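Student: Could we go through this structure together, beginning with the way its parts are arranged and then turning to the spaces inside?

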Protein chains: 2
Amino acid sequence: VSEPDHEFPPLRSVRDRPHRVTLTHGLLHPDNTRLRECVRHRTALVVTSPTVDRLYGRRIRAYFGPIPGVHYSVLHRGEATKSIDAAVEISERASAAGLCRTSPVIAFGGGVCTDICGLAAALHHRGIPHIKVPTTLIGLVDAGIGMKNAVNHDGRKSVLGSFHPPEHSLLDPGFLGTLPRRHLSSGLAEIIKLAVVADGDLFDLVEASARAMLDSGFRAPAEVVTAVVRRSVAGMLAELARNPYEVTDFRRKVDFGHTFSPWLETASQHTVLHGEAVALDIALSTELAADLGLITAAERERVLDLLRCSGLPLSWPATSVDGLWASLRSVVDHRNGDLHLVVPTAIGDCTFVEARAISPGLLRACLDRLGRHDSTARPDRLSGVRA
Amino acid sequence: VSEPDHEFPPLRSVRDRPHRVTLTHGLLHPDNTRLRECVRHRTALVVTSPTVDRLYGRRIRAYFGPIPGVHYSVLHRGEATKSIDAAVEISERASAAGLCRTSPVIAFGGGVCTDICGLAAALHHRGIPHIKVPTTLIGLVDAGIGMKNAVNHDGRKSVLGSFHPPEHSLLDPGFLGTLPRRHLSSGLAEIIKLAVVADGDLFDLVEASARAMLDSGFRAPAEVVTAVVRRSVAGMLAELARNPYEVTDFRRKVDFGHTFSPWLETASQHTVLHGEAVALDIALSTELAADLGLITAAERERVLDLLRCSGLPLSWPATSVDGLWASLRSVVDHRNGDLHLVVPTAIGDCTFVEARAISPGLLRACLDRLGRHDSTARPDRLSGVRA
């Protein structure tokens, strides 16, 4: 160790990638120029889920009709097959379509489609642009507006992925008209998640109109639907902006409902939808908060009632305490060494609980109470009662 | 299209990731604390190539000996198997070793090892830290100091990857003592690349001492080896800092030697080493420059002589003009729509030539001249003659 060390000037790699988010209506109407403006004469690959292709494929092609260089591809993947192979498959199709490094992939679909396309865009030639057009409620308020793109691997949820912000998210609640009620409920779980931990007014709004929105396929009351979507998106963006790359803090409010849910989704082989698993997790986390004396019984009731009124489950019969416990341990790795379990302290506020406060016995007691609660559900306590 | 659109404030995701680069000596000496300081009591996964494990595995384990939480893994991959699966394999091992989101992967090896580990770190939990300890000359001056990490797919070089800066690159020329001469020559190609397009003084230095450095396994003349490495690294970092994410410009000086080389590597099934392919590309690009009247015959001779004196080939018998032509077309996609072929205009300066200036006939003529040049090589014209 004779020669002295030499320190080169550190290489600073600042990357500033603005991500535009626009709420629009009639996105596929020929007069709506938003999406064509996004493409700007570039070669592009439009990727749709099979359902979106069946319901909207013709209109999408008609919308881009006169534009050369727009290619189309249908992605046959679900949550159970949302794997790294799927992202590689989209990269192959991007090569075949002749995309170059400034050509966007445009994902029309739910979280599975936008996640896979986002990761494919992150990997293809080390990163090409992508545009998200979410067609589900979860997509509108969550998966379609973030820059996180991940796939599952080896039975673990979202273990492989990237932070790769879309150029643009184009949000059109009109797509919700063709979404099955169960998927609308699933999306409501993400809205309720945000409302419980950060926005009491949003909670009131959803509590007053969840039933009406579900009954109308999110068409009515129109001004409430717009307000709920705007408020949810704005709240989510504000939370993301605090810590976009999750490097400054691993205590994230928006992780509410996302600690036990990965296990529930995986253990159910994805027969439990993402939002349903989030609802089960919200219920369990809220029950834990009540047990730990962090939230009042009345507020716990309001949370559980709103989940139920939104068509969401509070318990899943096959839930295993061992499974939840294992899930909790693997979340600790993801959150950098501790649990940071988000639990509500009031409607619109929350705190973080660490692993040492939780035990398998406590989980069992909470699950038992939720099971009884769920089976004694009173169908008369539905949304609207507080309106 | 009744309701007005709503534009949310754009989500700005600024990411500033400083990447430290340190030239050190005796990295594995127990008294050298650099690498232990990098680990800082974190859980870590040390990944080595089989060769590095054989030559240095015992010393690496001894170096970290008393530190808990350092895990070891040997990666059995070469350029021909540098695939996305390899990155996924490292992610699996990172999970098994209990790495959390601030735990680093430490890659000890050549470009194959640092590329795979860099991509694995980019994907694992959407990005964990990584540290590069290049053990080859190419690694020291090129693959080990950048933030580009890519793998091959479907016969295409580096088509899947990421920009994911290492926390730290630790450069110790001492590893070169165990590198086979052919691999030292291969590394010299990257140094010559940089010298030709950006640093005439570096060219002079290499021209004067290439033979002595090769003969001594890059141990002597010690001050020249250090100067060449420092100058090459500093030059490369300066070029990278201009446009770290390759988004402002697709005309990059450091792409010199990297237009035809992907095809040459792939077509040879990686029997032609990366640096050898770069040398073949440098020779062809220089010959093209001479043909187009962009560089003098004397300077072209100096470039070709230095390649040859460095033990590098000027021609590869199985080269096909059709293959090169196809390679050129696919590079156009990667460089966003045009060729931007880097060609030297003098020792230390360059320009960019576009696709319209190149034809298969021109390539054929240049290859023929290089073949004759190579076969009439005068072994007396070796490095040192200008010293």
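Student: Which residue of chain B comes closest to the rotation axis?

Tutor: This is a predicted model, in which local features need pLDDT of at least 70, side-chain atom pairs count only at pLDDT 80 or more, and totals for chains, interfaces and linings use all residues. Residues are numbered from 1 along each chain as its sequence is written, chains are lettered from A in the order in which they are written, and side-chain values use heavy atoms, with hydrogens and water left out. By C-alpha position, at 2.6 Å from the axis, the residue of chain B that comes closest is Arg15(B).

Student: What kind of axis relates chain B to chain A?

Tutor: Copies are superposed by least squares on the C-alpha atoms of residues with pLDDT of at least 70 in both. A turn of 180° with a shift of 0.0 Å along the axis lays chain B on chain A with an RMSD of 0.0 Å. That relation is therefore the one of a two-fold axis.

Student: What is the volume of the largest cavity?

Tutor: On a 1 Å grid over the protein atoms alone, a cavity is a set of points where a 1.4 Å probe fits but cannot get out, and lining residues have an atom within 4 Å of a point. Grid points are joined across faces, edges and corners, and the volume is the space filled by probe spheres set on the points. For the largest cavity this is about 250 Å³.

Student: Of the residues that line the largest cavity, which are the closest to its centre?

Tutor: The lining has 21 residues, and both chains appear among those closest to the centre: Ser162(A), Phe163(A), Arg17(B), Ser162(B) and Phe163(B).

Key
On a 1 Å grid over the protein atoms alone, a cavity is a set of points where a 1.4 Å probe fits but cannot get out, and a pocket is an open set with protein on both sides within 12 Å along at least five of seven lines; lining residues have an atom within 4 Å of a point.
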